[in-house]
Amino acid sequence: MSGIYIHIPFCKQACHYCDFHFSTSLKNYDKILSALKMELILRKGEFKNDKVKTIYFGGGTPSLLSVDDMEWLIGLIKIDYDVIENPEITLEANPDDLSEEKIIALANSPVNRLSIGIQSFFEEDLKLMNRAHNAEEAKNSLSIATRYFDNISVDLIYGIPNASNEQWRKNIAMALSFGIPHISSYALTVEPKTALESFIKKGIIDNVNDETAQEQFLILVDELDKAGFIHYELSNFGKEGFFSKNNSAYWQGKKYIGIGPSAHSFNGKERSWNIANNAKYIKALQGGKLPNEVEKLSVTDRYNEYVMTGLRTVWGVSLEKIQQDFGEKYVAYLKMQSKKYIDQDLLYIEDETLRTTRKGKFLTDGIASDLFKLNLF
């Protein structure tokens, strides 16, 4: 099974922390849609032997698309690709785009999962991040969406400067009060060349605090565990039956095609990425060319990627799979590199699977990078 990701490169305004590819100008909206269509057509041969299980509209702000345009793109996929009968079709949406009229239209479309970018229910947090919505819109969007959709995910951000642990608990409680079955939550990260980085350097905003972020991460883990959520990936929590099929496929190394400027793709042996420039993306596809770069992954690259993604998930890193796919040298290397983290109660091995402990979860990415192997053989 495979997935298709569609990147919609438009936003109403720039969030201070965001380093994703987008434009705040909609002047190329129609040209981007035409280019997306052309890319879908040019790449259909890549999935000739695969069924499409998931379609995911990300961005940017894909909820800026009209419902008609979303349905048009989904229709194109169903014409040119072998799509299963009931695919998971996710739309990332901002609260300010989710009027009751739009939510009803989406509920009557093939879209069957909403991922709503709430980030916080507190006005001061939203202003600090320069979100396009306010706290009231965040609550209203969920009040309406939960009447029409069963499968809803909410995004929340922790580690926001000056946001206390008590405030964070209130954010979690507010999200849970709407009965949503999935939460994705991320630490606020200071990315290079973002407005947030600039404001911190100038002393306008306090820097993020790693200790506070770790405390709030553990609060999140505990509160969602009590609420019956499964912590199935480092940043993702779902009720049984509501894990993101799209994202789970990424973490389990399944194939996917990324359509749109800056979108990434993976076929098991190669990774590719489209140019992160709307005008150049459009021009290339108008000429019938794919505007992407391709990297062939070595055995060691694939090992490193499996360790990184596997360690982030509830499924862990299978020593048996490493033996089968990469050989005994990689198993021995992984065990050697893991030993100090096992001794520190950050990792453990059970049923021939390497996983993080509760204490080690927040440190997963750093631990994984230390388990990587260099491209030496």
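Tutor: Welcome! One rule to begin with: two strands count as paired if DSSP finds at least two bridges between them. Keep in mind that this is a predicted model.

Student: How do you know that strand β14 and β15 pair?

Tutor: Strand β14, residues 347-350, shares four bridges with β15. The rule asks for at least two, so the two strands count as paired. Their pairing is antiparallel, and one of the bridges joins Ile349 to Leu354 of β15.

Student: What makes strand β13 and strand β15 a pair as well?

Tutor: Strand β13 (residues 317-318) and strand β15 (residues 353-356) have two bridges, in the antiparallel sense. The rule needs at least two, so this pair also passes. Here Val317 has Leu354 in β15 as its bridge partner.

Student: Why are β13 and β14 said to stand at the edges?

Tutor: The three strands make an open sheet with antiparallel pairing, in the order β13-β15-β14. β13 and β14 each have a single partner strand, so one side of each lacks a neighbour in the sheet.

Student: What is special about Asp351 in the hairpin of β14 and β15?

Tutor: That hairpin has two residues between its strands, and Asp351 takes a positive phi near 55°. Asp351 also belongs to a surface patch of negative charge, together with Glu320, Glu350 and Glu352.

Student: Why is Glu320 called exposed?

Tutor: Glu320, which is found in helix α12 (residues 319-326), has a relative accessible area of 53%. Exposed means over 50%, so Glu320 earns the word.

Student: And why is Leu290 called partly exposed?

Tutor: Leu290 is found in the loop between α10 (278-286) and β12 (292-296). Its relative accessible area is 32%. Buried is under 20% and exposed is over 50%, so Leu290 falls in between and is partly exposed.

Student: Which residues form the nonpolar patch on the surface with Leu290?

Tutor: Leu290 is joined there by Met38, Ile41 and Leu42, and together the four have about 280 Å² of accessible area.

Student: How do you know whether Pro87 is buried or exposed?

Tutor: Pro87 is found in strand β3, residues 82-93, and has 5% relative accessibility. Buried means under 20%, so Pro87 counts as buried.

Student: How far apart are the C-alpha atoms of Pro87 and Ile200?

Tutor: The separation is 43 Å, for two residues that lie 113 residues apart along the chain.

Definitions and conventions. Residues numbered from 1 in each chain as written. Predicted model: local features only at pLDDT ≥ 70, side-chain atom pairs only at ≥ 80, totals over all residues. Heavy atoms only, no water. Patch = residues over 30% accessible without salt bridge, like charges linked within 9 Å, V, L, I, M, F, W, Y side chains within 5 Å. Areas by Shrake-Rupley, 256 points an atom, 1.4 Å probe, with all protein chains shown as cover. Salt bridge = Lys/Arg side-chain N within 4 Å of Asp/Glu carboxyl O. Lys, Arg positive; Asp, Glu negative; His and termini not counted. Charge placed at Lys NZ, Arg CZ, Asp CG, Glu CD. Buried < 20%, exposed > 50% of the residue type's maximum accessible area, 1.4 Å probe, protein only.
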